Amino acid sequence: MKPVSHKPFQYQKPFEILSFQIDPSGKLRWASLADLLQEVAWKHADSREFGQVLFDKGYMWVLSRFDIQVHAMPFWGETIHIETAGRGINKLFALREFRVTDSSGTVLATAMSAWLLLDIKTRRPQRPSLVLPSELFETEPSDYSVPDKVPFPDQPQFGKIFTVNHSDLDMNNHVNNVSYIRWIEDFCLEKGFYFDRIGINYLNEALLGENIEILFSLDAQEMLVYGRSGDRDIFTSWVEKHYM
């Protein structure tokens, strides 16, 4: 992820960390953080009529790549502020940056994401420049890049199986991007691997009832986590070890 720039953010929203969002240590869960980032992205899009308005016209935004760096997870009861902004268009990707701060303005987390605009019926990508406000998304981004492509692990080990349940589905009737992060979070915690950065590429849509096989490779500093269903690659991700 490139260093945070000095360009202003375009939208912000405060959140109180609630009891159902925390882990046993009282800190915000990774999946809960991703939920909040997604909510702010939607609120920003809806406020400028490229959220619900596009959905009603038969289009949807699909997250393709996500890179999240956490410096300090907030605790239960804290109030955080999440800022976001469009950071240009790169081919078919619309780029969006996030910044999370505490009540004193200290940066807790940063993130960069790449989104695809799909036709709901055909699932074919559309050019985001046709629908996005040019003042929010420059057509030739110069300071920002698409989050990295995550490689498949070499000689991976079998990890476990996750089954896609009804609770994983969003309003578009496909698996919410946060479910993948929750699977990765749960798997890493089972392995005793605590992390402070995650990069994920969403490759193919997981379907209700599918069993997602988790494969992984591990070294001292990072873990590659790969999800597949039969011969379909569902996601690739890497997580970077947190030194406590």
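Over the ring of which residue does the charged end of Lys13 sit? In this predicted model, that ring belongs to Phe15, and the charged end of Lys13 is 5.7 Å from its centre. A second contact of this kind involves Arg87, which lies over the face of Phe9 at 5.0 Å from the ring centre.

Aromatic rings also meet one another, and the count comes to 8 aromatic pairs. One of them joins Tyr180 and Trp183 in an edge-to-face arrangement, with 5.2 Å from centre to centre and 65° between the planes. The spacing along the chain fits this picture nicely: Tyr180 and Trp183 are 3 residues apart in helix 3 (residues 177-190), so about one helical turn separates them. Tyr180 is buried, with a relative accessible area of 4%, and Trp183 is buried as well, its relative accessible area being 4%.

Tyr180 has a further aromatic partner in Tyr202, and this pair is again edge-to-face, at 5.3 Å centre to centre and with 80° between the planes. Here the two rings come from separate elements: Tyr180 lies in helix 3, whereas Tyr202 belongs to strand 8 (residues 195-202), so the pair ties together parts that are 22 residues apart in sequence. Tyr202 counts as buried because its relative accessibility of 13% falls under the 20% cut-off. Together with Phe162 and Phe235, the residues Tyr180, Trp183 and Tyr202 form one aromatic cluster.

Two members of that cluster, Tyr180 and Phe235, reappear when the nonpolar interior is considered. The largest nonpolar core has 59 residues, and Tyr180 and Phe235 are among those with the most contacts inside it, along with Leu37, Phe66, Ile68 and Ile82. Helix 1 (residues 30-47) supplies the largest share of this core, namely 9 residues.

Phe66 gives a good view of the surroundings of one such residue. Leaving aside neighbours within four places in sequence, Phe66 is in contact with Leu37, Phe98, Ala111, Met112, Ser113, Ile181, Ile198, Gly199, Ile200 and Tyr202. Among these partners, Leu37 is itself one of the residues with the most contacts inside the largest core, while Tyr202 is the strand 8 residue that pairs with Tyr180. Apart from the largest core lies another one, of 6 residues, including Leu95, Met112, Ala114 and Tyr144. Met112 thus appears twice in this account, as a member of that other core and as a contact of Phe66.

Technical notes
Residues are numbered from 1 along each chain as its sequence is written. This is a predicted model: local features need pLDDT of at least 70, side-chain atom pairs count only at pLDDT 80 or more; totals for chains, interfaces and linings use all residues. Side-chain values use heavy atoms; hydrogens and water are left out. Rings of Phe, Tyr and Trp (its six-membered ring) pair if their centres lie within 6.5 Å; planes under 30 degrees apart count as stacked, over 60 as edge-to-face and the rest as tilted. Helices (H or I, at least four residues) and strands (E, at least two) are DSSP runs, numbered from the N terminus. Buried means under 20% relative accessible area, exposed over 50%, partly exposed in between (1.4 Å probe, protein chains only). A charge sits over a ring if NZ of Lys or CZ of Arg is within 6 Å of the ring centre and within 35 degrees of the ring normal. A nonpolar core is a set of buried Ala, Val, Leu, Ile, Met, Phe, Trp, Tyr and Cys residues joined through side-chain atoms within 4.5 Å. Contact means heavy atoms within 4.5 Å.
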